[in-house]
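Q: Could you take me through one helix of this model up close? I would love to hear about its charged side chains and how they pair up.

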Amino acid sequence: MIITCGFEAEYNPMKEAFLGELREKVDYMILGQHFVSDGLHNIPQKNNPEYPKEYAKMLCEGMDSGIFDIVAHPDIFMEFRDTMTTEDDKKEFDKNAREASEMICAKAKEIGIPIEFNFGGIEKGKKMQDGNYAYPHPLFWEIAAKSGVQVLYGVDAHTPSQFERMAIDREIA
């Protein structure tokens, strides 16, 4: 049996040297971006129609760093769509989400880094107003399918039972 060691980490340009040191000590690292920072502060996620593009820029920068081997839940930014308070902001968010999805998929394909089709949103029951799960979200995955980027399935393994439900979650997705 071969046992490998790795973990999921946030990319932060101010901590790139530290992340690089960690990378040398493990077999792989997963880019799991949950926040976008301007260096000192997190960029607002809620009611921010620009957030998808900010998220995509940070994710692409993380991929360009060469530290990471896989991108986890690249569509997790979609969970903030329902925080938009006006129809104009929702339309702007959707436009930016499409652009962000294209940026992420193009960068992943260019570098040759796989992205994860993550079942965590299904496990958490994160349904949005449009009836879709926050992630995996169809807007992102339609773009990913057309881009030809390499895709892995992931369960966001917070509990062992998520592995048992993977086939059911895949069918739901």
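A: **A close look at helix α3**

Let's start with Glu99, which counts as partly exposed because its relative accessibility is 33% (buried means under 20% relative accessible area, exposed over 50%, partly exposed in between, with a 1.4 Å probe and protein chains only). Glu99 sits in helix α3, residues 87-111; helices (H or I, at least four residues) and strands (E, at least two) are DSSP runs numbered from the N terminus. This is a predicted model, in which local features need pLDDT of at least 70, side-chain atom pairs count only at pLDDT 80 or more, and totals for chains, interfaces and linings use all residues. Residues are numbered from 1 along each chain as its sequence is written, and side-chain values use heavy atoms, leaving out hydrogens and water.

Now to the pairs. The whole structure holds seven salt bridges, each a side-chain nitrogen of Lys or Arg within 4 Å of a carboxyl oxygen of Asp or Glu. One of them joins Asp64 to Lys107 at 3.1 Å, N to O. Asp64 belongs to helix α2 (residues 51-64) and Lys107 to helix α3, so this pair ties together parts 43 residues apart in sequence. Lys107 is buried at 15% relative accessibility, while Asp64 is partly exposed at 47%.

Lys107 also bridges to Glu110, with their closest N and O atoms 3.6 Å apart. Both lie in helix α3, three residues apart, or about one turn of the helix. Glu110 is exposed, at 59% relative accessibility. Through shared partners, salt bridges join Asp64, Lys107 and Glu110 into one network.
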